[in-house]
Amino acid sequence: MPLVNIIRKIITNKVILYLFSRYSTYLIQLITSIIIAVKLGPFYFGIWGFILLLINYFQITNFGISNSINILMVQYKNDNHKVNDFVKTSFFLISILCFVVIIIAFYYYFFGIPFFSKYKIGNLFYFVCLIAIMSYFNYLLLTIYRVRNRLFEIAFFQSIIPLLVFIFVFLFKEDILLKSLIIAYLLGHFLSLILFLKGKTLPKNGNIKIKYASVIINKGFYLFIYNLCFYLIIISSKTLISIFYSVEEFGFFIFSYTLANAVMLLLEAISFLVFPKIVDRLNSDDPINVVNNINVIRSNYVTLAHGFVYLALIFYPLFIILVPKFQEAYLSTCLLSLTVLLYTNAFGYNTYLLARNYEKVVSKISLFSFLLNIFISLGLVYFKVRFEILIFATMFSYLFYGYLCVYFGGKSLNHNLSFVNIFLDFLPFRLLIPYVSAIFFVMLGEPFFNFIPFFIFITLNFNYFKEILKTLKQIVNRPDFINI
């Protein structure tokens, strides 16, 4: 194939263009986060981290409405009338949720929240509430546009806030920079909301129906518990560190999480894009077909995730050198990367459980994992360990979460349910050996040895790269493979 044709195929490929926009945005986010950390310092960066924590709490307390619509639109893809009714009803439910946020803002105005004074939030909380209201609508619209494969609007929403933050970070500093960052979030959500509402994807027909509201809430409640408790695993760790440790130490933790999460965002862009397609494929009554799809998903996604993290461990010391104020964040950055990596090992099985309407099962798994994280973390806080050690509580909780997802997914598919088989399905030797070696060398405290886990990983997983290359070729040649 001539080079010109290959280039033309790439630049007209909506999937590649979308992924390029996401990865460019992630790079900007990473650079911006480092600049913000440098300009704010640990104290003000800790305050900014707490503001983001509040925004995260509002975003995850959406009662699963958006998640429910995501699943329902895929399951009823052949019934446009019913889908339209579901969408209209979901907007009604989101409006009620926004009214609750307004009540919270009034409560803060009349009674205040004493703990917030530690982080000097003040009137900024009202802006957080306004961001929350717009984000509820935007994430619902994002879900609808994702199922409809409208990637331009999605890319705009996911890119505009990081771009605005990138611009504002060069114009202001310290407390003024904090306020400007919040303005960037407000403006980004507002512009995205306008773009979404002007789109032609939203149904003009459809009615608000109480019986559909009940379906959305019933399905959404368990999806809400699942997503809430899953995200609360890491957010609860942030919260406990914000409460029991200094603002500076919380700043170190937020810096570490920013770097660690930046690596995983590369893969989340892919999982976000293909999620409706995966749900559609795994919603099958043919167990052989389901197992084959799960194996392909895991051999691509999980393998890539491990490779990215082990490669990142090699470069983390460079970031610490570039930002000397955050040298104390080196250990926590490495441990957090290895921690968030663990939950990717559940990928495929957790999606299968959702596709097969096992919301109750996954909600219980995430709830128990969240409670386990709280229990272990509080125990470590009681013994006054360094904040980095709390990360092991989250690591163990993700291990517990992933193992149970594989267990119940395997149970539904009639797999061998022995402890060894389930664990090796969750974390096979080809991934377990480099993972354990990475923890060992990170705790050893000698960055020079961080290349060893990556070398072990490449040696044990070389053959799996053929499958990954095959998938990449499919993306180039058939961008419509994500359509349902």
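What follows is a conversation between a student and a tutor about how the terms used for this predicted model rest on its values.

Student: Which rules apply to numbering, confidence and atoms in this model?

Tutor: Residues are numbered from 1 along each chain as its sequence is written, and side-chain values use heavy atoms, with hydrogens and water left out. Because the model is predicted, local features need pLDDT of at least 70 and side-chain atom pairs count only at pLDDT 80 or more, while totals for chains, interfaces and linings use all residues.

Student: What makes up the secondary structure of the chain?

Tutor: The chain has 18 helices and zero strands, where helices (H or I, at least four residues) and strands (E, at least two) are DSSP runs numbered from the N terminus.

Student: How much of the chain counts as buried, and what does the word require?

Tutor: Buried means under 20% relative accessible area, exposed means over 50%, and partly exposed lies in between, with a 1.4 Å probe and protein chains only. By that rule 55% of the 484 residues count as buried. The accessible surface of the chain comes to about 21700 Å², of which 69% belongs to carbon and sulfur atoms; such areas come from the Shrake-Rupley method with a 1.4 Å probe, and for residues only the protein chains shown count as cover.

Student: Why is helix α3 called largely enclosed?

Tutor: Nine of the eleven residues of helix α3 (residues 65-75) are buried, so this helix is largely enclosed by the rest of the structure. Among those buried residues of α3 are Ile65, Ser66, Asn70 and Val74.

Student: What makes a set of residues a nonpolar core, and which members of the largest one touch the most others?

Tutor: A nonpolar core is a set of buried Ala, Val, Leu, Ile, Met, Phe, Trp, Tyr and Cys residues joined through side-chain atoms within 4.5 Å. The largest such core has 157 residues, of which Phe45, Trp48, Ile51, Phe255, Tyr316 and Leu338 touch the most other members. Helix α5 (residues 124-147) gives the most to this core, with 16 residues. Phe255 is in contact (heavy atoms within 4.5 Å) with Ala37, Phe45, Ile320, Val323, Phe326 and Ala329, leaving aside its neighbours within four places in sequence.

Student: Why is Thr394 called buried, and what does Thr394 contact?

Tutor: Thr394 lies in helix α14 (residues 391-412), and its relative accessible area is 1%, so Thr394 falls under the 20% limit and is buried. Apart from neighbours within four places in sequence, Thr394 is in contact with Ile233, Ile234, Ser237, Thr339 and Asn373. For the chain, 84% of contacts between residues at least 6 apart in sequence join residues at least 24 apart.

Student: What makes Ile456 partly exposed rather than buried?

Tutor: Ile456, placed in helix α17 (residues 451-461), has a relative accessible area of 22%, which lies between the 20% and 50% limits, and therefore Ile456 is partly exposed. Ile456 touches Ile433, Pro434 and Ser437, not counting residues up to four places away in sequence.

Student: How do you know that Arg386 and Glu388 form a salt bridge?

Tutor: A salt bridge is a side-chain nitrogen of Lys or Arg within 4 Å of a carboxyl oxygen of Asp or Glu. The side chains of Arg386 and Glu388 meet at 2.7 Å, N to O, so the pair satisfies that limit. The structure holds one salt bridge; Arg386 counts as partly exposed at 48% relative accessibility, whereas Glu388 counts as buried at 4%.

Student: How many disulfides are there, and what would count as one?

Tutor: A disulfide is a pair of cysteine sulfur atoms within 2.5 Å, and a search of the whole structure finds zero. As for the cysteines Cys98 and Cys405, Cys98 is buried with a relative accessible area of 5%, and Cys405 is buried with a relative accessible area of 0%.

Student: What makes the phi of Lys384 worth a remark, and why is Lys384 called exposed?

Tutor: Most residues other than glycine have a negative phi. Phi of Lys384 is near 55°, a positive value in a residue other than glycine. Lys384 sits in the loop between α13 (359-382) and α14, and its 74% relative accessibility is over the 50% limit, so Lys384 counts as exposed.
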